[in-house]
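Please load the model in your viewer, show the backbone as a cartoon, and keep a selection tool at hand. The stops below go from one helix to the whole chain and then to single residues.

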Amino acid sequence: MAATYDFPSDLLAGQEELHQVRAELLALLKRLPWSVEPLDGFSDDHGWRKVERPASPGWTPDEQAEVEKLRERERELAVFVTCHRFWSDITPTEKVDARMTIKHTQPTNNRPPS
């Protein structure tokens, strides 16, 4: 049976925001053209599978800034979560389990009040 951990609220909030930022970044990248810079389309059937891309208009400066903003926030949150003081209180043998547990913890707005 997996252990339960008493994660601090700021660590849980950081992990939750990290999930949200990553989801937002992924959704944005899926909406954007495949190339940051304007490029012609291409078709290549010389590899193990055929690859085709339509012409890309590139990203606008606003789109580039939004991606960079989300990536920077993702880095900040990843550092906050992985370097949180909570991890120093967990034994080395429990760290992997604890880190996996927090990654799969439900958002705080879905939890019943304590």
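The expected span of a helix is taken as 1.5 Å times one less than its number of residues. With that rule in mind, and remembering that this is a predicted model, select residues 9-31, which form helix α1. Its 23 residues should span 33 Å, and the end C-alpha atoms are 33 Å apart, so the expected and computed values agree.

Now zoom out to the whole protein chain, where you can count 3 helices and 2 strands, arranged along the sequence as α-β-β-α-α. The radius of gyration of the protein chain is 20 Å, well over the 13 Å that the globule rule gives for 114 residues, so the chain is more spread out than a compact globule. If you align the view to the principal axes, the C-alpha trace spans about 55 × 35 × 25 Å. Of the 114 residues, 23% count as buried, while among contacts with a separation of 6 or more, 63% are between residues 24 or more positions apart.

Colouring by charge is a useful next step: the protein chain carries 15 positive and 20 negative side chains, and the centres of these two sets lie 3 Å apart. If you turn on a surface instead, its accessible area comes to about 8500 Å², with 56% of it belonging to carbon and sulfur atoms.

Return to helix α1 and select its buried residues, which include Leu-11, Leu-12, Gly-14, Gln-15, Glu-16 and Leu-18, and, further along, Val-21, Leu-25 and Leu-28. An α-helix has 3.6 residues a turn, so residues three or four places apart point the same way. What covers the buried residues of α1? Show α2 (61-82) and α3 (92-103), which are part of that cover.

Within helix α1, pick out Gln-15. Its relative accessible area is 5%, and because buried means under 20%, Gln-15 counts as buried. Leaving aside residues up to four places away in sequence, Gln-15 touches Val-81, Ile-102 and Lys-103.

For the last stop, move to strand β2 (residues 51-53) and select Val-51. Val-51 has a relative accessibility of 28% and counts as partly exposed. Which residues does Val-51 touch, not counting those up to four places away in sequence? They are Phe-42, Ser-43 and Asp-44. Finally, draw a distance from the C-alpha of Val-51 to that of Asp-10: these residues are 41 apart in sequence and 45 Å apart in space.

Key
Residues numbered from 1 in each chain as written. Predicted model: local features only at pLDDT ≥ 70, side-chain atom pairs only at ≥ 80, totals over all residues. Heavy atoms only, no water. Helix = DSSP H or I, 4+ residues; strand = E, 2+ residues; numbered from the N terminus. Rg over C-alpha atoms; globule rule 2.2 N^0.38 Å. Buried < 20%, exposed > 50% of the residue type's maximum accessible area, 1.4 Å probe, protein only. Contact = heavy atoms within 4.5 Å. Areas by Shrake-Rupley, 256 points an atom, 1.4 Å probe, with all protein chains shown as cover. Lys, Arg positive; Asp, Glu negative; His and termini not counted. Charge placed at Lys NZ, Arg CZ, Asp CG, Glu CD.
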